[in-house]
Amino acid sequence: DQANPRNPFRDYTIVQVLYCSGDLYLAHKDMGTDFHGTRVRQQGFSNTQSALDWAVDQLDLRLQSLVIMGCSAGSIGAQVWARKVLNTFPAKRAAVIADSFAGVLPPPSQHSLMHRLSGCDETIVPPDLCVPSVWRDVTVSQVFDRTMEDFPGVAFASINSKTDKVQVFFWTIVTAAFPTSGEPLTINNETYLKMLNRNILQRYDRHANFVSYLVDGSVHCFTCHNLLYSADTTGPAPKSRISSQLPLTAWLLGLVDGGTSHLCGNECSGELLEQPAWHGTAYCDKAQYGKKVALLAVASDVATEGTMLGGLRLPDRLDGNQLWRVAFCIAIVFLAFWFGAELGLGRSLAEAARTLTQAKRRNTQQLHGHHREDGILNRQFSPSWPMLLDVLAGSCWQGPQGPDSQDSGMTYSNDL
């Protein structure tokens, strides 16, 4: 509801990628099976790419703020596609928010599911994870974890209920479809929360740019429902209207506005317990308590991967021809510096700048000689350009040793 003043995204342009392919936004294949007489073609990857291409055509590619967000299957899409979207839309501020899918699943079953749906596309997954021997063991959580590491200037966040009934059921569905030796077919709420904290959130929490929001209860998905406006960590609709917990809307606002409203951190309601003492579902992991998001200042306003020098986009990998071109450019730059040094260009520039500075100082002293303060300021700051050129030229300038030059020499000494 973009008319709601409490909506953290009310001023955003929203591009929604619709989903009906049942393939976690990953597939681009004919599954070779029939569904009520119709051959099944899963094109979640193509659908998402089409939406992204459309957005590129419609929007300014230099955004003030970019938020990549989804709930449930959309959360998987946000986690897997975050890398490509971040590289496509450089933004002053960016956040990736995974609502109600953390990946509490038997790892071998999740491997089998991803391997069945996708052959791995290097535009959304790091190339080293797409090596066949590696890809067959990759999970959504691994892809998301790697993206956090590669984009330290972007905020990453996870929203979950402590006993999310749908995520608990996901375990049963995936385990039944891809049986795994030694894993139970079902898990209870207490086991789910332990796995969420131990296997997922603690792993992500080692990244300074990650924070999480845990809500008491079993609700699945918040950001696409009106629960967005009522939820805090005590539940989707707090029993007390005077709750001391930070509301979900306020937490999200702090996440996407770069900390202007407040510094976003891990949020949870309950007794703080260390891992050996975890029991029930009313506790919070003490190891995660008190952390605040910290973003690494990245050159320009774009993620570190594939970029340099204020938005100059570079490929993630360079082939042989590209490496030769880069080497050639570097050689030309060094040759230019060498010729400049040989021809004395740096010294000539320093000499010219110093002559102009001294002339300006004499004029200033003649015009404002009765204001000693002006003369002092001029003498202190005027030599900065000649000094800089001296450093760049690698020279030790020897000028005429008159009164002005002696005064300048003293000024250099004082400034340094």
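## Questions about the fold, its salt bridges and its surface

Colleague: Let's start with Y25: is this residue buried or exposed?
Modeller: The relative accessibility of Y25 is 9%. Buried means under 20% relative accessible area, exposed over 50% and partly exposed in between, with a 1.4 Å probe and protein chains only. Y25 therefore counts as buried.

Colleague: Thanks! What should I know about the model, and where in the chain does Y25 lie?
Modeller: This is a predicted model, in which local features need pLDDT of at least 70 and side-chain atom pairs count only at pLDDT 80 or more, while totals for chains, interfaces and linings use all residues. Residues are numbered from 1 along each chain as its sequence is written, and side-chain values use heavy atoms, leaving out hydrogens and water. Helices (H or I, at least four residues) and strands (E, at least two) are DSSP runs, numbered from the N terminus. Y25, whose phi is positive at about 65 degrees although it is not a glycine, lies in the segment before β1 (29–35).

Colleague: S72 is another residue other than glycine with a positive phi; what is its relative accessible area?
Modeller: S72 sits in the loop between β3 (63–71) and α2, and its phi is near 60 degrees. S72 is buried, because its relative accessible area is 16%.

Colleague: Now to the helix that follows that loop. At what angle do α2 and α5 pack?
Modeller: Helix α2 covers residues 73–88 and helix α5 residues 140–150, with their axes 9 Å apart. The contact (heavy atoms within 4.5 Å) involves residues including I76, V80 and L86 of α2, and V140, V143 and F144 of α5. Axes are lines fitted to C-alpha atoms, for helices over the stretch in contact, and angles run from 0 to 180 degrees between N-to-C directions. On that basis the packing angle is about 35 degrees.

Colleague: R206 pairs with a residue in α5; which one is it?
Modeller: A salt bridge is a side-chain nitrogen of Lys or Arg within 4 Å of a carboxyl oxygen of Asp or Glu, and here the closest N and O atoms are 2.9 Å apart. The pair links distant parts of the chain, since R206 is in the loop between α7 (189–204) and β6 (210–215), 61 residues from its partner in α5. The partner is buried at 5% relative accessibility. R206 bridges to D145.

Colleague: How far apart are the closest N and O atoms of R146 and D150?
Modeller: R146 and D150 are 4 residues apart in helix α5, which means about one helical turn separates them. R146 is partly exposed at 22% relative accessibility, whereas D150 is buried at 19%. The closest N and O atoms of their salt bridge are 3.4 Å apart.

Colleague: And in α7, which residue does K194 meet in a salt bridge?
Modeller: The N to O distance is 3.6 Å, and the two residues are 4 apart in helix α7, about one turn. K194 is partly exposed, at 26% relative accessibility, and its partner is partly exposed too, at 30%. The partner is E190.

Colleague: Last one: what share of the residues of the protein chain count as buried?
Modeller: The protein chain has 14 helices and 10 strands. Among contacts between residues at least 6 apart in sequence, 68% join residues at least 24 apart. Of its 416 residues, the share that count as buried is 44%.
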